[in-house]
Amino acid sequence: MVELNAPGSHAVVVEDLVRHFGGVAAVAGISFRVRNGEIFGFLGPNGAGKTTTMRILATLDRPSSGRAEVASYDVVTQSQEVRRSIGMVFQDPTLDLRLTAAENLSFHGMVYGLRGAHLRERMDAVLEMVELAGRRRDLVATFSGGMKRRLEIARGLLHSPQVLFLDEPTVGLDPQTRRTIWKHICTLPDTDGTTVFMTTHYLDEAEFCDRIAIIDHGQIVAMGTPEELKRAVGGDVVTLDSDDPDGLAEVVCKEFQLPCRRSHTGLALDVPDGGILLASLLPLLAGRVHSVGLHRPTLDDAFMHFTGHEIRDEPLDYLAVARSTMRRQ
Ligand SMILES: Nc1ncnc2c1ncn2[C@@H]1O[C@H](COP(=O)(O)OP(=O)(O)O)[C@@H](O)[C@H]1O
Ligand SMILES: [Mg+2]
């Protein structure tokens, strides 16, 4: 397939982007493109470099080297044009709690030069979209966490940006509220043609994205649709829950020469056919495991497969003992 390269076909273009803080590369040379109308997710643990990248794209910080374009404008030399083309929802709330929902929006609208009937129309539209029209005259201080987030998303959309940046849009919210927020985010490309660039460290949220870049230690280690990333893991994942994963890994790796990765409950094996493996593996497991599982790869598995550690933990030793000699069955 030929990738279209016509001007404007990509909402975000990033090439060899680097950002150092002192001697540390928070962003260590990343390249990617986000297509117009796409929901694109940056998936990575805390400290991976997600916010730093987003801040550079939103012109709030400058790259140490490399370049980036948003809405076909250069983020360094055309920062004003970039700012007019984007909406931004920060990880930390930035609403004024002493104002009403409508006042928060109209203040933001004026900053972007919206006024009169057009401002009122846009306020009605975005409040409707996030189902807060009935609360427009209420003080934001009386809103729940989920309502505040929805209002921030509405505010980010008020000036009809081409690209909406969302930095961990649902962090700290309960599962029900997260689903509601996602429902709103998912409608954006279809209703307004808005491109969404978001960061998350929630694997279940990354599933909603059209494409994901997995970022770890400032580098993109994999990129693709959720399905593509899962498929790259292999056919099946066999999980072995154990109190002694190291001992178990030795036995399994020695006997089967399979790459094992550590999970928080034991070991996981990425194999072409889990049923075939289990038939010969089970006799070895007596007394060594609490439970055995078999499933199709999830994004959790994909994340571990590509980074060598779980998203919620500090990096674990990657027990890819026999990765290169993996025996296909
Ligand atoms: N202003 C800064 N000064 C120094 N170090 C920073 C600054 N901003 C971010 N970092 C460091 O850069 C790395 C990436 O941070 P960040 O982009 O916030 O990661 P994420 O958003 O993925 O959690 C971290 O190690 C962080 O401590
Ligand atoms: Mg962050």
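I took buried to mean under 20% relative accessible area, exposed to mean over 50%, and partly exposed to mean anything in between. The structure I consulted is a predicted model.

**Entry 1: Arg-261 and its partner**

I began with Arg-261, which I located in strand E12. Its relative accessibility is 2%, so I entered Arg-261 as buried, the value being under the 20% limit. I then looked for a partner and found that the side chain of Arg-261 forms a salt bridge with that of Asp-301, with N and O 3.0 Å apart. Strand E12 comprises residues 260-263 and Asp-301 belongs to helix H11, so this pair ties together parts of the chain that are 40 residues apart in sequence. Asp-301 has a relative accessible area of 6%, and I therefore recorded Asp-301 as buried too. I also noted the pair as a polar contact between the two side chains, at 3.0 Å.

**Entry 2: Arg-296 and Asp-236**

I next examined the salt bridge in which the side chains of Arg-296 and Asp-236 meet, at 2.8 Å from N to O. Arg-296 sits in the loop between strand E14 (291-295) and helix H11 (299-307), while Asp-236 is in strand E11 (residues 236-241); the pair therefore ties together parts that are 60 residues apart in sequence. I asked myself whether each partner is buried or exposed. Arg-296 is exposed, since its relative accessibility is 60%. Asp-236 is buried, since its relative accessible area is 10%.

**Entry 3: Other salt bridges**

How many salt bridges does a search of the whole structure find? I recorded 21. As a reminder to myself, side chains of opposite charge can pair when their charged atoms come close.

One of the salt bridges joins Asp-96 to Arg-98, and I noted 3.0 Å between the closest N and O atoms. Asp-96 counts as partly exposed because its relative accessibility is 24%. Arg-98, with a relative accessible area of 68%, is exposed.

I also found a network of salt bridges, which links Glu-15, Arg-33, Arg-67 and Glu-69.

**Entry 4: Surroundings of ligand 1**

I then turned to ligand 1 and listed the residues that surround it. They are Phe-21, Ala-26, Pro-45, Asn-46, Gly-47, Ala-48, Gly-49, Lys-50, Thr-51 and Thr-52. I sorted this shell by residue class and obtained four nonpolar residues, five polar and one charged. Which element gives the most to the shell? I found that helix H1 (residues 50-57) does, with three residues.

I looked up the distances to oxygen atoms of the ligand one by one. An N or O atom in the side chain of Thr-51 is 2.8 Å from an oxygen atom of ligand 1. For Lys-50, an N or O atom of the side chain is 2.9 Å from a ligand oxygen. For Ala-48, a backbone N or O atom is involved, and I noted 3.1 Å to an oxygen atom of the ligand. On its own, ligand 1 has 560 Å² of accessible area, of which the protein covers 55%.

**Entry 5: His-159**

I found His-159 in the loop between helix H5 (145-157) and strand E7 (163-167). Is His-159 buried or exposed? I entered His-159 as buried because its relative accessibility is 11%. Its side chain reaches the backbone oxygen of Ile-86 at 2.7 Å. Leaving aside neighbours within four places in sequence, I listed the contacts of His-159 as Arg-84, Ile-86, Gly-87, His-108, Tyr-112 and Leu-114.

**Entry 6: Positive phi at two glutamates**

I finally checked backbone angles at two residues that are not glycine. Glu-131 has a positive phi of about 55 degrees, and I placed Glu-131 in the loop between helix H4 (116-129) and H5. Glu-168 has a positive phi of about 45 degrees, and I found Glu-168 in the loop between E7 and helix H6 (175-192). With a relative accessible area of 4%, Glu-168 is buried.

Methods. Residues are numbered from 1 along each chain as its sequence is written. Chains are lettered from A and ligands numbered from 1 in the order in which they are written. This is a predicted model: local features need pLDDT of at least 70, side-chain atom pairs count only at pLDDT 80 or more; totals for chains, interfaces and linings use all residues. Side-chain values use heavy atoms; hydrogens and water are left out. A residue is near a molecule or strand if one of its heavy atoms lies within 4 Å of it. A polar contact is a pair of N or O atoms within 3.5 Å; within protein, one must be able to donate a hydrogen and the other to accept it, and residues adjacent in sequence count only if both atoms are side-chain atoms. Accessible areas come from the Shrake-Rupley method with a 1.4 Å probe; for residues, only the protein chains shown count as cover. Helices (H or I, at least four residues) and strands (E, at least two) are DSSP runs, numbered from the N terminus. Ala, Val, Leu, Ile, Met, Phe, Trp, Tyr, Cys and Pro count as nonpolar, Asp, Glu, Lys and Arg as charged, and the others, Gly among them, as polar. Buried means under 20% relative accessible area, exposed over 50%, partly exposed in between (1.4 Å probe, protein chains only). Contact means heavy atoms within 4.5 Å. A salt bridge is a side-chain nitrogen of Lys or Arg within 4 Å of a carboxyl oxygen of Asp or Glu.
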